[in-house]
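Open the model in your viewer and keep the selection box at hand. This tour goes stop by stop and tells you what to pick next.

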Amino acid sequence: MTPLPFALITSPRDKITQEQNISLEPGLSTEAASQIEKQVEGSLNVSALVVPIGGVGIYPTMVLSTDDLPWQIHTVAHEWTHNYLTIRPLG
């Protein structure tokens, strides 16, 4: 399976909101991800989290290539839900 890509998510410390979502190189080690979080938090005074991503909910949807069919079906459905809710919000 292809190594998962990662995203760096930043948020202000005083409220729960996503300020930035920055794509990172695939295959980061846990130590490297932790180091990135610490550096960003220390230099920008924000909360930071590095998370693996399996797809991107843009049109057309981009999903990681894999032989794991159940995972791929779940991820495609998840990303297309983002697309659907963008034009038909719940609230």
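## Start with confidence

Color this predicted model by pLDDT. Among the elements of the chain, helix α1 has the highest mean pLDDT, 95. Strand β4, residues 55–56, has the lowest, 79. Over the chain the mean is 88. Of its residues, 98% reach 70 or more.

## The whole chain

Zoom out and switch to a cartoon view. You should find two helices and five strands. Trace them from the N terminus: the order is β-β-α-β-β-β-α. Turn the model along its principal axes. The C-alpha atoms fill a box of roughly 40 × 40 × 15 Å.

Now add a surface. The accessible surface of the chain comes to about 6,600 Å². Carbon and sulfur atoms account for 58% of that surface. The chain has 91 residues, and 23% of them count as buried. How much of the contact set joins residues at least 24 apart? Among contacts between residues at least 6 apart in sequence, the share is 42%.

## First helix: α1

Select residues 30–44. This is helix α1, with 15 residues. Check its length with the distance tool, from one end C-alpha atom to the other. At 1.5 Å a residue the helix should span 21 Å, and its end C-alpha atoms are 21 Å apart, so the two values agree.

Next, show side chains on α1. Which residues of α1 are buried? They are A33, E37 and V40. Look down the helix axis: these buried residues fall within an arc of 70 degrees, so they line one face of α1. Now turn to the other side of the helix. There E31, K38, G42 and S43 are exposed.

Ask what covers the buried residues. The cover includes strand β1, residues 6–11, and strand β3, residues 47–52. Select both strands and keep them in view.

## A turn of the backbone: N45

Step just past the end of α1 and pick N45. This residue sits in the loop between α1 and β3. Its phi is near 55 degrees, a positive value in a residue other than glycine. Most residues other than glycine have a negative phi. Is N45 buried or exposed? At 56% relative accessibility, N45 counts as exposed, because the cut-off for exposed is over 50%.

## Into strand β1: T10

Go to strand β1 and select T10. With 2% relative accessibility, T10 counts as buried, because that value is under 20%. Show the residues around it. Leaving out residues up to four places away in sequence, T10 touches T17, Q18, E19, Q20, V40, V46 and S47. One of these partners, V40, is already familiar: V40 is among the buried residues of α1.

For a longer reach, draw a line from T10 to Y59. The two residues are 49 apart along the chain. Their C-alpha atoms are separated by 24 Å.

## Across to strand β3: V51

Now select V51, which lies in strand β3. Its relative accessible area is 25%, so V51 is partly exposed. Which residues does V51 contact, leaving aside neighbours within four places in sequence? Highlight P5, F6, A7 and I9. Then draw the distance from V51 to I9. These two are 42 residues apart along the chain, with C-alpha atoms separated by 7.7 Å.

## Last stop: α2

Finish with residues 69–87, helix α2, which has 19 residues. Repeat the length check. At 1.5 Å a residue, α2 should span 27 Å; its end C-alpha atoms are 28 Å apart, which agrees.

Show the side chains again. The buried residues of α2 are T75, E79 and N83. Sight down the axis once more: these buried residues fall within an arc of 80 degrees, so they line one face of α2. On the other side, L69, P70, I73 and H74 are exposed.

What do the buried residues of α2 pack against? Select strand β4 and strand β5, residues 62–63, and you have the answer. Strand β4 is also where the tour began: of the chain's elements, β4 has the lowest mean pLDDT.

Key:
Residues are numbered from 1 along each chain as its sequence is written. Side-chain values use heavy atoms; hydrogens and water are left out. Helices (H or I, at least four residues) and strands (E, at least two) are DSSP runs, numbered from the N terminus. The expected span of a helix is 1.5 Å times one less than its number of residues. Buried means under 20% relative accessible area, exposed over 50%, partly exposed in between (1.4 Å probe, protein chains only). The arc is that of the directions from the helix axis to the C-beta atoms. Contact means heavy atoms within 4.5 Å. pLDDT is the predictor's confidence in each residue, from 0 to 100. Accessible areas come from the Shrake-Rupley method with a 1.4 Å probe; for residues, only the protein chains shown count as cover.
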